[in-house]
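Colleague: Might we go through the arrangement of this chain together, taking the rings, the sheets and a helix in turn?

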Amino acid sequence: MTNNIDTASALEVKTDQLSIINQFSSTLLQLETVEELLKYVTSQVVNRLGFVECVIYLADQDNNTLREVASLGVTATGTPYHVDRTIIKFDQGITGYVASTGKAIIVNDVTTDNRYIADVSPAMSELCVPMIYKDKVLGVIDCEHPQKDYFSDAHLEILSTVAHLLSAKINQVNTVNNLQQTVAQLNNAQKLENSLLQIANLTYQAIDLDNFFESLHGIITSLLRADNFFIGLYDKQHDILEIVYIIEEGVRSNVHKKISKELLKDTASYYLLRIGESLLLNKDEYQQYIDAGHFKMVGRKAESWLGVPFKVSDRISGVIGVQSYSSSYHYSEPDRALLTYVSRQISMAIDRQLSRQALEHRALHDELTDLANRSLLIERIKHAILRLSRSSKETRHALLYLDFDRFKSINDSLGHEVGDHFLIKICELIQGTIRNTDTFARLGGDEFAIFMENITDKSQVNDALLRIQQVLSAPLNISGHLLKASTSIGVAFCENENDEAYQLLQHADAAMYEAKSTGRGQVRFFNDTMRKKLKSHADIENDLQHGIEHNEFELYFQPIFTIQDCTVVGFEALVRWHHPEKGFVSPSDFIPVAEHTGQIINLDLHLLELAAQHIAKWRAQGKRFLRITVNVSSRHFASLDFVTQIHALYEKYQLPLGSLCLEITESGLIENLDLATQIIEGLTPLEVKLCLDDFGTGYSALGYLHQLPIHILKIDKSFIDHLTKSNTPLVDAILSLAQSLKLDVVAEGIEQQAQLSILQKTHCKYGQGFLKARPMPANEAILLIDKVL
């Protein structure tokens, strides 16, 4: 009967154990986290087994230590059971032994086992089972009881089964978690990569910095928390930090905030700029920096603070910072790396913006004086004229056109460096006399303009003119040279929205030339007489090209003869314009217009071709060889195309070598003497000579003789006019100079026999003038080729 009872009891226990296993197995399918699994094992499985104390440990990745993760039980006083030793090494105690060997163990009397380590509530027996999955120990289930010999083989069997099932489930959960973490990391990595790409594209495309900062902030906040976000630019030269973009607790401030020198030294941003390193601080660490005196507390203290400095140029550096006010969110090293990358992009964007601004500034300003250039001046005039429609009838604008007197002579006699310093100093003085609203511009060379907007009374212009004259009245010491500055000024007004900027400039220019023609330091206002003159010039400009295309220009020829026997050796070709409507147009009327408009280039080439045609024609008629001198603009000596064009003429008309001589006036300055020398040397194979006209009347003659391969000098008529009774020292000096330089000399303007007689006693070789012949058409000139005048 007893055996039947024991068998029935054992069967009941077995059935109960199987029920526990079945329920546990079923529950495992529903539990998704390790925490839920462990809680279920301790509260449901172990508890149903009748165990009073149970602790579950999980092993670390390297299987060196066990960490307590769940427990069950109560102390003798009835308080919840807890473990003193939450961390156990694999070689410590019975638990460590099971972990290291991977073998379950029952200790019926722990007092006889020296491996036992007593806890808060000492036990008498212990059951310890490892959790193993594929030969790897994941942890240990350790159960203790206050009675000896409490645990049975049945307990060991069921707990081992629970450990086995739990190990498989933990591995499954960990695998899923790892996969989810991997997916999350991949998603985060992709998000980060896309964000970094967005930032890079944003940097490349950025035009407006405010929009760039706003877009940048949007990207950054998708990656990290930024309750506060700011970007500051530090100007080393002025020692000012400007907060160019700031978000404070989610609210953007649209006003740029400049931190003065007094407050700047107390900020964390300045400390960052000074040490040149990023800072990642929590609240306590931030306070430590304050206590150490590195900076002071400004605004609300953040839970986490991250700032990164960056450099834009030698003058500009900056800082970007973020703050978190949430105790649950602290910045990390990856956040520091991200913000460092962003800081570099900001640096690049600002640098590109500054470079663009510098390029735009250079495009609209004069390089030497940093004044506005012609383009910027015209733009401002255009906008000001448009505003006249909204202004009162009394409001108008004025343009002052300035030309500095005798500036070219200073350049030629003292050098361009002195000339540049002279210009800069004059500009500085004049800049101090004008209003902040006025535009001071350099138009080129020694020509400048002052645009005065919103003039209500002519006295405002007169006062400005007076201030300019007064500030230039004292001599200027430029590199040890005392120089007197003066300027010829033309003034023009515009007073309605229908006026044109180019016309205002044209009118002021015309008034300036009128002022210049009356002497140094003069002022002229544009008037109707000048308007008519401009109209005449405009008509000439329009008719010039038509005249070239329809052969309205003719060459007249004035003989050049030997001083001693008056034999004709050549001709100077002089242009005449027979206008179909206006009749004869004087060269003094159309040559300056052609020079001013650039049409002189085409006109000169046309006249050179006419001269070549005459030479070819005379040669075909068997006339002896003569050289023809043609006046050309100095503009031709700015391009090597001129060499090609002259060579083409020689080839086209089969001209003998030395047929042409090119004459330039001393006042027609050649700016690039090196290029001009190349051009003249390029014409040397054709034996083309270069003649300098009006020698002695300008300021650059000696410089030309020194730097250009001049062949012939022409003594100006003003010197010959004085040769009525005896020779003059100036003529003697010119002749001596020419002889020492082995140059031929032509005395022009010989109108009296006395002048010729005096010249015949000198070394002057050639002459030209009304005494022997006036300019004449080609059909008359050909008759003089074989005659003595």
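Colleague: Are Phe229 and Tyr245 buried or exposed in this model?
Modeller: The model is a predicted one. A residue counts as buried when its relative accessible area is under 20%. For both Phe229 and Tyr245 the assignment is buried.

Colleague: How many aromatic pairs does the structure hold?
Modeller: Rings of Phe, Tyr and Trp pair if their centres lie within 6.5 Å. By that criterion the number of aromatic pairs in the structure is 22.

Colleague: What geometry do the rings of Phe229 and Tyr245 adopt as a pair?
Modeller: A pair of aromatic rings is described by the distance of the centres and the angle of the planes. For Phe229 and Tyr245 the centres are 5.9 Å apart and the planes stand at 80 degrees. Planes over 60 degrees apart count as edge-to-face. The pair of Phe229 and Tyr245 is therefore edge-to-face.

Colleague: Which strands hold Phe229 and Tyr245?
Modeller: The two residues are 16 residues apart, and their pair links distant parts of the chain. Phe229 belongs to strand 7 (residues 228-235), and Tyr245 to strand 8 (residues 240-248).

Colleague: Over the face of which ring does Lys458 lie?
Modeller: A charge sits over a ring if, among other conditions, NZ of Lys is within 6 Å of the ring centre. Lys458 is at 4.2 Å from the centre of the ring in question, which is that of Phe525.

Colleague: Which strands stand at the edges of the open sheet with the order 15-16-14-19-20?
Modeller: This open sheet has five strands and mixed pairing. Each edge strand has a single partner strand, so one side of each is left without a neighbour in the sheet. The edge strands are strand 15 (439-444) and strand 20 (523-525).

Colleague: Which residue in strand 20 stands opposite Gly490?
Modeller: Strand 19 (residues 487-494) pairs with strand 20 in the parallel sense, over three bridges. Opposite Gly490, strand 20 places Arg524.

Colleague: In the open sheet of six strands, which residue in strand 5 is the bridge partner of Ile105?
Modeller: That sheet runs in the order 3-2-1-6-5-4 with antiparallel pairing. Strand 4 and strand 5 (residues 125-133) are joined by three bridges. The partner of Ile105 in strand 5 is Cys128.

Colleague: What angle does the direction of helix 3 make with that of strand 5?
Modeller: Helix 3 (residues 93-101) packs on this sheet, touching strand 1, strand 2, strand 3, strand 4, strand 5 and strand 6. Its direction makes an angle with that of strand 5 of about 30 degrees.

Colleague: Within what arc do the buried residues of helix 16 fall?
Modeller: In helix 16 (residues 587-597), the buried residues include Phe590, Val593 and Ala594. An α-helix has 3.6 residues a turn, so residues three or four places apart point the same way. Seen down the axis of helix 16, the buried residues line one face of the helix, because they fall within an arc of 100 degrees.

Colleague: Which residues are exposed on the other side of helix 16?
Modeller: The buried residues of helix 16 are covered by elements including helix 15 (528-549), strand 22 (568-579) and helix 17 (600-620). On the other side of helix 16, the exposed residues are Ser588 and His596.

Colleague: Which residue with a positive phi follows helix 16?
Modeller: The phi of this residue is near 90 degrees. The residue that follows helix 16 is Gly598.

Methods:
Residues numbered from 1 in each chain as written. Predicted model: local features only at pLDDT ≥ 70, side-chain atom pairs only at ≥ 80, totals over all residues. Heavy atoms only, no water. Pairing = 2+ DSSP bridges. Helix = DSSP H or I, 4+ residues; strand = E, 2+ residues; numbered from the N terminus. Phe/Tyr/Trp six-rings, centres within 6.5 Å; stacked < 30°, edge-to-face > 60°. Buried < 20%, exposed > 50% of the residue type's maximum accessible area, 1.4 Å probe, protein only. Lys NZ or Arg CZ within 6 Å of the ring centre and 35° of its normal. Arc of directions from axis to C-beta. Contact = heavy atoms within 4.5 Å. Axes fitted to C-alpha atoms, helices over the stretch in contact; angles between N-to-C directions.
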